[in-house]
Number of protein chains: 2
Amino acid sequence: MELTDRQKQILRAIVDIYVSTAEPVGSKAIAALPDVNFSSATIRNEMADLTQMGLLEQPHTSAGRVPSPAGYRLYIDELMQDYRLSLDETKSLNEALELKSQEFDQMMSQVGKLVSKMTDLPAYAMATRQSGAVAKHFDLIMAGPGSIILVLMLSGDVVKNKLIKLPVSVTEADLKLLAAVLNASLTDLPAQQITGEVLEKISRSAGAASPLVPLVMDFTLECLRQQHGDVHLTGQMRLLGQPEYRDAAEKAQEVFETLDEEMISKLPAVLPKDGPVQFLVGPENVARELKDTSVVMMRFDIGEGMQGTIGVVGPTRMDYAKITAKLGYFAENLGRMFQKGGTPSAMPPALTEGMKNEE
Amino acid sequence: MELTDRQKQILRAIVDIYVSTAEPVGSKAIAALPDVNFSSATIRNEMADLTQMGLLEQPHTSAGRVPSPAGYRLYIDELMQDYRLSLDETKSLNEALELKSQEFDQMMSQVGKLVSKMTDLPAYAMATRQSGAVAKHFDLIMAGPGSIILVLMLSGDVVKNKLIKLPVSVTEADLKLLAAVLNASLTDLPAQQITGEVLEKISRSAGAASPLVPLVMDFTLECLRQQHGDVHLTGQMRLLGQPEYRDAAEKAQEVFETLDEEMISKLPAVLPKDGPVQFLVGPENVARELKDTSVVMMRFDIGEGMQGTIGVVGPTRMDYAKITAKLGYFAENLGRMFQKGGTPSAMPPALTEGMKNEE
DNA sequence: TATTAGCACTCAGAAAAGGCGAGTGCTAAG
DNA sequence: CTTAGCACTCGCCTTTTCTGAGTGCTAATA
């Protein structure tokens, strides 16, 4: 059933007002809006219809209306107006975008904190691999007597290392040999194809360095199997700044007991459709504890084979338009930073103003 | 002024009861204790004295007594009884102690989560360097056309790496030369001694690889200057499980606005005295926002030059004895795990029961 | 002198009662 | 189809009352 333009206008107004006041919206409040030319009585009638359709809800008989999850969904998909970041906002986003660390994990963690701070809501950042990881390059470095550093480069320009301490003494030549063997037999091999057979062959060819092999393989397999980097979830406490949680600490606690890092890492799989921006509204969510919680997430490109996701967690009543705009701004600039690789702090993000998303 | 034995007994009882009930303790509750042989009236008199001395407080005239910060401090320093972990507790601690990851930062983050989970309070884990870091070994690996991996080993067995992408093409030999130069000129040099002069000398000796030098040095200096690893603070929400914060979300939020990762990293400097266990009680704390908050922290050994700290954040009214016991158990076993280096998950922590601390 | 029983008094917090007013749905007129 | 008018509902805020745990003091007791 299609909505009339007027109904759309009213629904949009209700969401907009409710989002900023957190109070049920009455017919008079809407009638008072500048571009509304019909009386509160008319609006009451329309609101009754919208309630009938399941787009609005009434906390109790004598209260105003509140958008239902379906109402939010409609709003997001069709009604939401682009939010244009103000110059002030762009400015502080830009200032925030200075990442200090150069290490990948730390950068992602900083990104999470940043998003949380700039949206004043709990947020997360994570990196996911688009396809299965494969090893690209092995190296073994002698770091001292009995100390060997294993350096492993994966697809997607991820470099991992591990310090291995071994009572057995090996020579540089042994290490060189083992590294060569590893490079020859494991490069570009997905984890599933690394079977016992392969391992045995490596062990045999490794010569004096063979005691190293199990340690090396352990680490390598661990790295390969890790489909996504850690989820960096932060700012949980900011949820308490939201009026709906102000006196419901218990509920807030529940939210994050359910929505932990592990759950977040699985969210992309649950999503209805694909696209750069994703909204998870209330009951669409997976768990009952999250029925009043929404998540807005956005992807950005990190580099070959890797993809970043930033997301914001908030009450269903959240300013989807503004959050989307901010996330979009982040995504755009982070994407640029990461892709250039090297030194992100050296590259000031362009002062793009405003953000697009579907109307 | 010295306390009589009876006063000590009463103070201890009040703390113990208050810690578990979170309700002001009345004279009758103490009189009902099995090993108390004096009447509630006597206790009332003693309580009046203790209040006079500033060890107890009275929320209001007709309420029981609550320990004052000074009371807690006395309790911790002199009255606290060793808490003996139950077999069940030791068991679940042991189960939890299986660290999955092999990467240092991730391990520390897991440790934080673990401590938080097992104490049901916000917790953190961090690693601090006992002395200034120096570089121990440099290596440069050719990872592909224009891709170079810098591997840097620091004192304390910390290995860092960075992928450098460079439009300039360099040969393996160039890299080898640069690595040799770096090793020769920077090894064991503290950050302060790495001056422009030194850099210039390196640049000059680097030959074809000299465009790499600034990038390498940037990263190296960053690593050297980082006195402590990240603070991994987690489980903030668990503070809400404490009755004093149940309906005071705002206060809980304030706590962590103040006590953020940065502040935590500075805590050790604020501490009155040294020792493996440290207590920060209420107003001893640095900021006014933390006046009802305590921190218990404990050090553990990670390996040469490095030291780990785990800590728990909670209301002043927290079970110092139990928390201390649990932290101690963690510290002991983590220390053992980290020192053995290699594969922590391979080493089941001994089933030490009970924990010591001063009586 | 140290302890205890007894008692009047205090006061926070729970429960009950009352009042306010925003907002609704309906009806009837424009 | 729209709107003015009006009776009605009901959450929430404020006020009031009530209750009982706990105190401090006094006077009796060991």
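These notebook entries record what I looked up in a predicted model of two protein chains and two DNA strands.

**Entry 1, domains of chain A.** I began with the domain assignment, which divides chain A into domain 1 (5-79), domain 2 (87-130 + 229-358) and domain 3 (135-225). Domain 2 is therefore written as two segments, 87-130 and 229-358, under the automatic or database assignment. I also looked up a distance between domains, and the C-alpha centres of domain 1 of chain A and domain 3 of chain A lie 62 Å apart.

**Entry 2, extent of the protein interface.** How many residues does each chain bring to the contact between chain A and chain B? I noted 45 residues from chain A and 45 residues from chain B. The area that chain A and chain B bury between them is about 4000 Å², and carbon and sulfur atoms carry 52% of it. On the side of chain A, the residues that lose the most area to chain B are Gln102(A), Met237(A) and Gln253(A), which together make up 16% of what that side buries.

**Entry 3, polar and charged pairs across the interface.** I then turned to specific pairs, and the count between chain A and chain B is four salt bridges. One of the pairs I looked up joins Arg246(B) to Glu250(A), whose side chains meet in a salt bridge at 2.8 Å, N to O. As a general point, side chains of opposite charge can pair when their charged atoms come close. For polar contacts across the interface of chain A and chain B, the rule finds two residue pairs, both at pLDDT 80 or more.

**Entry 4, which elements of chain A touch chain B.** I listed the elements that each supply at least two residues of the side of chain A that touches chain B: the helices are α6 (104-119), α9 (213-225), α10 (243-246) and α11 (249-258), and the strands are β4 (135-144), β5 (147-154) and β6 (158-165). Which element gives the largest share of that side? I found that β6(A) does, with six residues. By class, the side of chain A that touches chain B holds 16 nonpolar, eleven polar and 18 charged residues.

**Entry 5, surroundings of DNA strand D.** There are 21 residues around DNA strand D, and those that come nearest are Arg6(A), Thr42(A), His60(A), Ser62(A) and Ser27(B). Of the atoms of DNA strand D that come within 4 Å of the protein, sugar and phosphate account for 78%. Looking at individual atoms, I found a polar backbone atom of Ser39(A) 2.9 Å from a phosphate oxygen of DNA strand D, and a polar side-chain atom of Thr61(A) 3.2 Å from a phosphate oxygen of this strand. The side chain of Ser62(A) has an N or O atom 3.3 Å from a sugar or linking oxygen of DNA strand D. Helix α3 (40-52) of chain A and helix α3 (40-52) of chain B each supply at least two residues of the surface near DNA strand D, and α3(A) gives the most, with four residues. That surface divides into four nonpolar, 13 polar and four charged residues.

**Entry 6, Arg6(A) again.** Having met Arg6(A) among the residues nearest DNA strand D, I looked up its partner within the chain, and the side chains of Arg6(A) and Glu46(A) meet in a salt bridge (2.8 Å, N to O). Arg6(A) lies in helix α1 (residues 5-21) and Glu46(A) in helix α3 of chain A, so the pair ties together parts that are 40 residues apart in sequence. Over all chains, the count comes to 24 salt bridges.

**Entry 7, surroundings of DNA strand C.** Which residues come nearest to DNA strand C? Of the 21 residues around DNA strand C, I noted Ser27(A), Arg6(B), Ser39(B), Thr42(B) and Ser62(B). Sugar and phosphate make up 79% of the atoms of DNA strand C that come within 4 Å of the protein. A polar side-chain atom of Arg65(A) lies 3.1 Å from a phosphate oxygen of DNA strand C, while a backbone N or O atom of Ser39(B) lies 2.9 Å from a phosphate oxygen of that strand. The largest share of the surface near DNA strand C comes from α3(B), with four residues.

Note on methods: Residues numbered from 1 in each chain as written. Chains lettered and ligands numbered in written order. Predicted model: local features only at pLDDT ≥ 70, side-chain atom pairs only at ≥ 80, totals over all residues. Heavy atoms only, no water. Contact = heavy atoms within 4.5 Å. Buried area = accessible area lost by both parts, 1.4 Å probe. Polar contact = N/O pair within 3.5 Å; in protein donor to acceptor, adjacent residues only side chain to side chain. Nonpolar A, V, L, I, M, F, W, Y, C, P; charged D, E, K, R; others polar. Near = heavy atom within 4 Å.
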